[in-house]
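Please explain how this chain is packed, taking its cores, two of its helices, its largest pocket and its unusual backbone angles in turn.

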Amino acid sequence: MKKIFVSIDLETTGFDFQNDKIIEVGAVKFENNKVLEKLSILVNPMQKISHEISELTGINQIELDSAKEWDEVKDEVANFIDDYPIIGHNVNFENQFLSENNIKIVNSYDTLSLARILLPNLPEYNLTGISKHLNLNHENPHRALSDSLVTMDLFNILMNTLFNLETKTIEILY
């Protein structure tokens, strides 16, 4: 089955999609295991980010202050996503932030939910933990493009796992 997807990850000033701001977008357009295009954009949130967010992401205030504002990059992000289904690890987070920032997502798939179903015995389900367990190359955790690339790899592994299940098992899951 050949289908193009967009794996996406956002770094933000916090977890509240109504009050916090996007500071980084990382996205990978892919077909199977082939990367077709990458997008990586820093976004000026027009506010100071917390020390915790800077430590977690490695993004500093100086970088953000010189970045474009959301309104200047929104169309580029929307055009990159286009009408492709998006893939995310806990994709509702991305869906909520994108929707709040005037990008509507029509179709999305969550690698977190899929991993919980298809890999039921993992000790943890955060992206870094799953990456370690599956020996995925996760060069720069909590940076949007790196997380998007790992999410793409995880999605491909999960789809292969799903399609290798017996028909009866797939029917039960359906």
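The paragraphs below go through these topics one by one. The model is a predicted one.

The largest nonpolar core has 21 residues, and Phe30, Phe155 and Leu158 touch the most other members. At least two residues of this core come from each of β2 (22-31), α5 (111-118), α6 (127-133) and α7 (144-163). The largest share is that of α7, with seven residues. Phe30 shows what surrounds one of the central members in terms of contacts. Leaving aside neighbours within four places in sequence, Phe30 is in contact with Lys3, Ile4, Phe5, Val6 and Ser7, with Val35 and Leu36, with Ile87, and with Met152, Phe155 and Asn156. Another core, of 20 residues, lies apart from the largest one and includes Val6, Val25, Trp70 and Val73.

Val25, one of the members of that other core, lies in strand β2. Its relative accessibility is 0%, so Val25 counts as buried. Not counting residues up to four places away in sequence, Val25 touches Ile8, Asp9, Leu10, Leu39, Ser40, Ile41, Val43, Trp70, Val77 and Ala144. Two of these contacts, Trp70 and Val77, are among the buried residues of α3. Val73 is also buried in α3; the C-alpha atoms of Val25 and Val73 are separated by 9.8 Å, with their positions 48 residues apart along the chain.

Helix α3 itself covers residues 70-81. With 12 residues at 1.5 Å a residue, the helix should span 16 Å, and its end C-alpha atoms are 15 Å apart, which agrees. Which residues of α3 are buried? They are Trp70, Val73, Val77, Phe80 and Ile81. Viewed down the helix axis, the buried residues fall within an arc of 90 degrees, so they line one face of α3. The general reason is that an α-helix has 3.6 residues a turn, so residues three or four places apart point the same way. On the other side of α3, the exposed residues are Asp71, Glu72, Asp75 and Asn79. The cover over the buried residues of α3 includes strands β1 (4-12), β2, β3 (34-44), β4 (68-69) and β5 (86-88), together with helix α4 (91-100).

Helix α5, one of the contributors to the largest core, can be read in a similar way. Here Thr111, Leu112, Leu114, Ala115 and Leu118 are buried. Seen down the axis of α5, these residues fall within an arc of 165 degrees, so they line one face of the helix. The face turned away from the buried side carries Arg116 and Ile117, which are exposed. Thr111 lies in α5 and is buried, with a relative accessible area of 0%. Beyond residues up to four places away in sequence, Thr111 touches Ile87, Gly88, His89, Thr151, Leu154, Phe155 and Leu158. Among these, Phe155 and Leu158 are two of the residues that touch the most other members of the largest core.

The largest pocket has a volume of about 460 Å³. Its lining consists of 21 residues, and Asp9, Glu11, Phe15, His142 and Asp147 lie nearest its centre. Two or more lining residues come from each of β1, α1 (51-57), α4 and α6. The largest share, four residues, is given by β1.

Asp9, one of the residues nearest the centre of the pocket, has its place in strand β1. Is Asp9 buried or exposed? At 10% relative accessibility, Asp9 counts as buried, because buried means under 20%. Leaving aside neighbours within four places in sequence, Asp9 is in contact with Glu24, Val25, Gly26, Glu94, Arg143, Ala144, Asp147 and Ser148. The C-alpha atoms of Asp9 and Glu94 are separated by 6.7 Å, although the two residues are 85 apart along the chain.

Two backbone angles remain. Most residues other than glycine have a negative phi, and most peptide bonds are trans. Asn32 is not a glycine, yet its phi is positive, at about 55 degrees. Asn32 sits in the loop between β2 and β3 and is partly exposed, with a relative accessible area of 39%. Asp82, just after α3, takes a positive phi of about 50 degrees. Asp82 is found in the loop between α3 and β5 and is partly exposed, at a relative accessible area of 46%.

Definitions and conventions: Residues numbered from 1 in each chain as written. Predicted model: local features only at pLDDT ≥ 70, side-chain atom pairs only at ≥ 80, totals over all residues. Heavy atoms only, no water. Core = buried A, V, L, I, M, F, W, Y, C linked by side-chain atoms within 4.5 Å. Buried < 20%, exposed > 50% of the residue type's maximum accessible area, 1.4 Å probe, protein only. Contact = heavy atoms within 4.5 Å. Expected span 1.5 Å × (residues − 1). Arc of directions from axis to C-beta. 1 Å grid on protein atoms, 1.4 Å probe; cavity = no way out; pocket = protein on both sides within 12 Å on 5 of 7 lines; lining within 4 Å. Points joined across faces, edges and corners; volume = space filled by probe spheres on them.
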